[in-house]
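The following exercises concern a single protein chain. Each task is followed by a solution that proceeds step by step.

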Amino acid sequence: LRALIDAAPLAIVATDTAWRVTLWSRAAERTFGWTAGEVQARPLPTMAPEQMEELDAWRELLDREGSVRDLEMPQRCRDGRRVDVQLSAGLLRGTDDAPTGYLLVMHDVTERRQLEARFRQAQKMEAVGQLAGGVAHDFNNLLTAVLGHAELLLRRLPE
C-alpha cells in the first residue's frame, strides 16, 4: 500500500480527526516541501491559521457526507509560496465504523489557473484591440465626410 501511495502523482495525505498528519506521500513532499518526518503527528501544515475555521466546516461535511470532491482552495508550502489545489477528501473509519480521520488527495492546479488568467487577459486585450480598430474605422469614415465637405466648401470660395 505504501508503494502505491508513494507512486501516486497526486499528493495524498491522511490525518486523524484533529487534522494531525498520519500519512504524507512523496507527491505531498514534492508539492508542499515538507518531508513526512517533519509533519508526522503535527497539525496539517498546508493550511494557514486563518483557514482553520474552514477545516471545521469540512469536518462537519465529511462526517455527514463521507466525502467531498473537487474543492479548489489555496494551500501554503514550506517556503511560503501559495499553491492552488483541487482537493478531494474522504472520511476514514475504524473497524467499529467510528471516524478515525480523513484522507486528502490534492492536485496542484496553480499553473493551470495562471494559464487561464493569462488566457482571459489575452482575450480582454483582443477585445480592446477590436474595439479600438472599430472606433478608428468609424472615426476615419467621419473624417472622410468632413474632409469631403470641406473640399466642396473650398471650391465655392473665391480665390
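**Exercise 1: Two residues with positive phi**

Ala41 is exposed, with a relative accessible area of 55%. The model that contains this residue is a predicted one.

Task: Determine where Ala41 lies and where Trp19 lies, and establish whether Trp19 is buried or exposed.

Solution.
1. Ala41 belongs to the loop that runs between helix 3 (36–39) and helix 4 (52–65). Although Ala41 is not a glycine, its phi is positive, at about 65 degrees.
2. Trp19 is found in the loop between strand 1 (11–16) and strand 2 (21–24). Trp19 likewise is not a glycine and has a positive phi of about 65 degrees.
3. The relative accessible area of Trp19 is 3%, and the cut-off for a buried residue is under 20%. Trp19 is therefore buried, whereas Ala41 is exposed.

**Exercise 2: Fold and overall dimensions**

Task: State the order of helices and strands along the chain, and set its radius of gyration against that of a compact globule of 159 residues.

Solution.
1. The chain contains 5 helices and 5 strands.
2. In sequence order these give the pattern α-β-β-α-α-α-β-β-β-α.
3. The radius of gyration is 29 Å, while a compact globule of 159 residues would have one near 15 Å.
4. Along the principal axes, the C-alpha atoms fill a box of roughly 105 × 30 × 30 Å.
5. Buried residues make up 30% of the 159 in the chain.
6. Among contacts with a separation of 6 or more, 43% join residues 24 or more positions apart.

**Exercise 3: The nonpolar cores**

Task: Identify which residues touch the most other members of the largest nonpolar core, and which element gives the most to this core.

Solution.
1. The largest nonpolar core has 26 residues, of which Val13, Trp24, Phe32, Leu104 and Met106 touch the most other members.
2. Elements giving two or more residues to this core include strand 1, strand 2, helix 2 (26–32), strand 3 (67–76), strand 4 (82–93) and strand 5 (99–108).
3. The greatest contribution comes from strand 4, with 5 residues.
4. Leaving aside residues up to four places away in sequence, Leu104 touches Ala11, Ile12, Val13, Trp19, Leu44, Trp58, Ser88 and Ala89.
5. Another core, of 5 residues, lies apart from the largest one; among its members are Ala8, Ile12, Ala14 and Leu23.

**Exercise 4: Surface and charge**

Task: How much area does the chain expose, and how far apart are the centres of its positive and negative side chains?

Solution.
1. The exposed area is about 10,800 Å², with 57% supplied by carbon and sulfur atoms.
2. There are 20 positive and 24 negative side chains, and the centres of the two sets are 3 Å apart.

Methods: Residues numbered from 1 in each chain as written. Predicted model: local features only at pLDDT ≥ 70, side-chain atom pairs only at ≥ 80, totals over all residues. Heavy atoms only, no water. Helix = DSSP H or I, 4+ residues; strand = E, 2+ residues; numbered from the N terminus. Rg over C-alpha atoms; globule rule 2.2 N^0.38 Å. Buried < 20%, exposed > 50% of the residue type's maximum accessible area, 1.4 Å probe, protein only. Contact = heavy atoms within 4.5 Å. Areas by Shrake-Rupley, 256 points an atom, 1.4 Å probe, with all protein chains shown as cover. Lys, Arg positive; Asp, Glu negative; His and termini not counted. Charge placed at Lys NZ, Arg CZ, Asp CG, Glu CD. Core = buried A, V, L, I, M, F, W, Y, C linked by side-chain atoms within 4.5 Å.
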